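I opened this model to look up its aromatic pairs, its strand pairing and its backbone exceptions. The notes are in the order in which I went through them.

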Amino acid sequence: MLHTTQLYQHVPETRWPIVYSPRYNITFMGLEKLHPFDAGKWGKVINFLKEEKLLSDSMLVEAREASEEDLLVVHTRRYLNELKRKVLRPLRTQTGGTIMPGSLALSSTALCPSAGGGFHHCSSDRGGGFCAYADITLAIKFLFERVEGISRATIIDLDAHQGNGHERDFMDDKRVYIMDVYNRHIYPGDRFAKQAIRRKVELEWGTEDDEYLDKVERNIEKSLQEHLPDVVVYNAGTDILEGDRLGGLSISPAGIVKRDELVFRMVRGRHVPILMVTSGGYQKRTARIIADSILNLFGLGLIGPESPSISAQNSDTPLLPPAVP
């Protein structure tokens, strides 16, 4: 029997399907100023989209905080008890925002966007890399359990870091195909989790646009040929941006916009809905790049109120001022 949840509810068709809450933005009594990333980038993304007249407050879907019962769909109770719950409320709200898009699939072929999520280093019984809740795993589990016709998923993880959390969670689950493209030299270097990757692309320091985009395109094509899913979760980290000291790659802002366009064109070309979360991104200009990418996708007709897509933006959010991996 399915547990009762507030995360799967009807989303009015009058809403532009973006899930967001001001509670996404992280504040730790000033500690966020020590972080190597923009702790308020989610709100800035939304503000940029408002300035460009893409959306307004009345068009947003308010994200709800994931309850303990929601989290227990994946996490062990022991793990949840170890977390400092009050401080982590923004992350629970972002996690709820990642799960919520599935509710729209109950009544239509469309799934709605969120402006948070992407904690790809967290698995059922452990956190890591600034990630406290396994929102990608949770979103897929909810879809499998609650949405008829969704039984196969693909995770396309293009964050600069290996997504070892969801890899550990889906290690023996053949319904979930994982493609992961990451800097081979940085955190987490999880050899055990790599066994779950069906299509692995390991990059060198300083990889630039042409090589990166070529490898992304070729490997997505092969991934979709090998495993045609009912839904794609796209982890679109912006920590691949040139100058990001944690990602160690050299992709331009235009390269990030082109990457997102590539993914959406290829997946949408097969009529598969997308849940897009932007995961890592540690520079002040990240929010503008994310907004520019969303505007580009909308302008091309690849996302929108009637589009079978989910877009979400987020970061591997630090819980404490981190050491550079």
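The entries below go from the whole chain to single residues.

**Overview.** I am working from a predicted model. I looked up the secondary structure first and found 10 helices and 8 strands. The chain has 325 residues, and 62% of them count as buried. I then checked the contacts with a separation of 6 or more: residues 24 or more positions apart account for 76% of them. The exposed area of the protein is about 13,000 Å², of which carbon and sulfur atoms supply 49%.

**Aromatic pairs.** How many aromatic pairs are there? I count 3. One of them is Tyr8 with Phe142, a tilted pair with the ring centres 5.7 Å apart and 45° between the planes. The planes are neither under 30 degrees nor over 60 degrees apart, so the label is tilted rather than stacked or edge-to-face. This pair links distant parts of the chain, since its two residues are 134 residues apart. Tyr8 belongs to the segment before strand S1 (18-20), while Phe142 is in helix H5 (residues 135-146). I looked up the burial of both: Tyr8 is buried, and Phe142 is buried as well.

Another pair is Tyr20 with Tyr24, which is edge-to-face, with 5.4 Å from centre to centre and 80° between the planes. Are Tyr20 and Tyr24 buried or exposed? Tyr20 has a relative accessibility of 9% and therefore counts as buried. Tyr24 has a relative accessible area of 0%, so Tyr24 is buried too.

**Charges over rings.** I went back to Tyr8 to see what sits over its ring. The charged end of Arg146 does, at 5.8 Å from the ring centre. I noted a second case at Phe48: Arg288 lies over the face of that ring, 4.5 Å from its centre.

**Strands S4 and S5.** Which way do S4 and S5 run relative to each other, parallel or antiparallel? Strand S4 (residues 176-183) and S5 run parallel and are joined by 5 bridges. Within this pairing, I found Asp180 opposite Lys200 of S5. I then sorted the residues of strand S5 (residues 199-203) by face. Arg199, Val201 and Leu203 make up the covered face, and Lys200 and Glu202 the uncovered one. In a regular strand, side chains alternate between the two faces of the sheet. Lys200, the residue opposite Asp180, is thus on the uncovered face of S5.

**Backbone exceptions.** Most residues other than glycine have a negative phi, and most peptide bonds are trans. I listed the departures from this that I came across. The peptide bond between Tyr187 and Pro188 is cis, with omega at about 5°. Pro188 is in the loop between S4 and helix H7 (191-194).

His271 is not a glycine but has a positive phi, near 60°. I place His271 in the loop between helix H9 (253-268) and strand S7 (274-277). His271 counts as exposed because its relative accessibility is 71%, and exposed requires over 50%.

Ser279 also has a positive phi without being a glycine; the value is near 50°. Ser279 lies in the loop between S7 and helix H10 (286-299). Why does Ser279 count as buried? Its relative accessibility is 0%, and the cut-off for buried is under 20%.

Terms used
Residues numbered from 1 in each chain as written. Predicted model: local features only at pLDDT ≥ 70, side-chain atom pairs only at ≥ 80, totals over all residues. Heavy atoms only, no water. Phe/Tyr/Trp six-rings, centres within 6.5 Å; stacked < 30°, edge-to-face > 60°. Helix = DSSP H or I, 4+ residues; strand = E, 2+ residues; numbered from the N terminus. Buried < 20%, exposed > 50% of the residue type's maximum accessible area, 1.4 Å probe, protein only. Lys NZ or Arg CZ within 6 Å of the ring centre and 35° of its normal. Contact = heavy atoms within 4.5 Å. Areas by Shrake-Rupley, 256 points an atom, 1.4 Å probe, with all protein chains shown as cover. Pairing = 2+ DSSP bridges.
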